[in-house]
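User: I would like to learn how to read a model such as this one, feature by feature. Could we take the general idea each time and then turn to the case at hand?

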Amino acid sequence: MQISSLITKGAKLDDILNLCVEKLKTLADSSAAFILFLDNNKMVVRAQAGLSLDYDVSFAESDECVSRMFKSGALTVIDTKNFNTSCLKLLSVLNIKNLLCLPIYLARKPAAIAGVGNNIPDFIYKRETQELLDIFGKQVAIAIESDWLTAKVEGLEIKDMLTGLYNERYVRHHLDEEIKRAIIYQRPCGFVLARIQNFTSYQKLYGQVASEVVF
C-alpha cells in the first residue's frame, strides 16, 4: 500500500525503488535486497539494502546469468535445492549464497532485475516467498512504467504550464532553425532572456501563489 501510494503521488522513481528494496529485505529470511537496472546494455545497481555494493558495479546484458533470467521471464531460484553455475559471478559480487531474482520488463523489453538473498546454510526458498517477490516485482514494474510515461509526456509538451510560453526544450530545438530562416529571408530574429532579481526572497515573503502571478 505504501509503495502504491508513492506511485500514485508521483514520487521520484529512486525514492520508490529505495522503499521497495527496504520492504523486499523483510521477506522471509532475506538479509539483502537489490534492484539492477538495464542501462546501455549493462545491468547497474539502482537500489540496494543489506549490501555494500559499489554503485559502479555492473553486469553485461549478455552475461549468461542475466541473459537466462530475461529469456525465461520467470523467477530464478538459487539455493541448496536449485543451483546454477552460470550465476556464480553474480553470487560472488553480491557475496550471497542463496538468491531469488525476478526479471522486470517495460513494454515487453528487459528493464530491470529485482532480487533478495541470504547466506543461510542448507536453505531452500519457500513457495510463499517466491509469490511475495512476484507481487513486489509487479509494483516495481508499475513504478518504472509510470516514470517512463511521465518522461514521455513531458517530452511531448512544448509549452510551460505556468507561463504559457514555449519551454526550453522547444526553444533549443527551434532556435537554430529560426536563425537560419531569418538569414535566408533577411528578416529580424530576436531571443529575449529575462531574469527576475530577488525572486526567491519575494517567493518566501509573499508565498507560492503570489509569486506565480509575477509570471
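Analyst: Let us begin with a helix and its surroundings, bearing in mind that this is a predicted model. The buried residues of helix 3 are covered by several elements, including strand 2, strand 3 (58-60), strand 4, helix 4, strand 5 and strand 6.

User: Which residues of helix 3 are the buried ones?

Analyst: Within helix 3, which spans residues 64-72, they are Cys65, Val66, Ser67, Met69 and Phe70. The two ends of the helix can be read as well: at the N-terminal end Asp63 acts as a cap, with a side-chain oxygen 3.0 Å from the backbone nitrogen of Cys65, while after the helix comes Gly73, which has a positive phi near 70°.

User: How should I read a charged pair within a helix, and which residue does Arg68 meet in a salt bridge?

Analyst: The general idea has two parts. Side chains of opposite charge can pair when their charged atoms come close. An α-helix has 3.6 residues a turn, so residues three or four places apart point the same way. In this structure, Arg68 forms a salt bridge with Glu64 at 3.1 Å, N to O, and both residues belong to helix 3, four residues apart, or about one turn of the helix. Arg68 is partly exposed at 44% relative accessibility, and Glu64 is likewise partly exposed, at 45%.

User: Where does the salt bridge between Arg172 and Glu168 lie?

Analyst: Both residues are in helix 6 (residues 168-185), again four residues apart, and their closest N and O atoms are 2.7 Å apart. Here both Arg172 and Glu168 are exposed. In addition, Glu177, Glu178 and Arg181 are joined into one network by salt bridges that share partners.

User: What does Asp14 pair with in a salt bridge?

Analyst: Asp14 pairs with Arg46, at 2.5 Å between the closest N and O atoms, and this bridge links distant parts of the chain, since Asp14 sits in helix 2 and Arg46 in strand 2, 32 residues apart. Asp14 is partly exposed, with a relative accessible area of 33%, and Arg46 is partly exposed as well, at 28%.

User: How do I read a charged residue such as Asp79: is it buried or exposed?

Analyst: One checks for a partner of opposite charge and then for polar contacts. Asp79, in the loop between strand 4 (76-78) and helix 4 (88-94), is buried but has no salt bridge, as the nearest side chain of opposite charge, that of Lys81, is 7.7 Å away. The side chain of Asp79 does, however, reach the backbone nitrogen of Lys81 at 3.0 Å. Not counting residues up to four places away in sequence, Asp79 touches Asn98, Phe123, Ile124 and Tyr125.

User: Turning to strands, how many residues of strand 1 are buried?

Analyst: Six of its eight residues are buried, so strand 1 is largely enclosed by the rest of the structure. Strand 1 runs antiparallel to strand 6, joined by six bridges, with Ile35 opposite Ala114. Strand 1 also pairs with strand 2 in the antiparallel sense over seven bridges, and these two form a hairpin with two residues between them, where Asn40 in the turn has a positive phi of about 55°.

User: Finally, which residues touch the most other members of the largest nonpolar core?

Analyst: Ile35 and Ile144 do, in a core of 31 residues, to which helix 2 gives the most, with seven residues. Leaving aside neighbours within four places in sequence, Ile144 is in contact with Leu13, Phe37, Ile104, Leu106 and Ala112.

Conventions:
Residues are numbered from 1 along each chain as its sequence is written. This is a predicted model: local features need pLDDT of at least 70, side-chain atom pairs count only at pLDDT 80 or more; totals for chains, interfaces and linings use all residues. Side-chain values use heavy atoms; hydrogens and water are left out. A nonpolar core is a set of buried Ala, Val, Leu, Ile, Met, Phe, Trp, Tyr and Cys residues joined through side-chain atoms within 4.5 Å. Buried means under 20% relative accessible area, exposed over 50%, partly exposed in between (1.4 Å probe, protein chains only). Contact means heavy atoms within 4.5 Å. Two strands pair if DSSP finds at least two bridges between them. Lys and Arg count as positive and Asp and Glu as negative; His and the chain ends are not counted. A salt bridge is a side-chain nitrogen of Lys or Arg within 4 Å of a carboxyl oxygen of Asp or Glu. A polar contact is a pair of N or O atoms within 3.5 Å; within protein, one must be able to donate a hydrogen and the other to accept it, and residues adjacent in sequence count only if both atoms are side-chain atoms.
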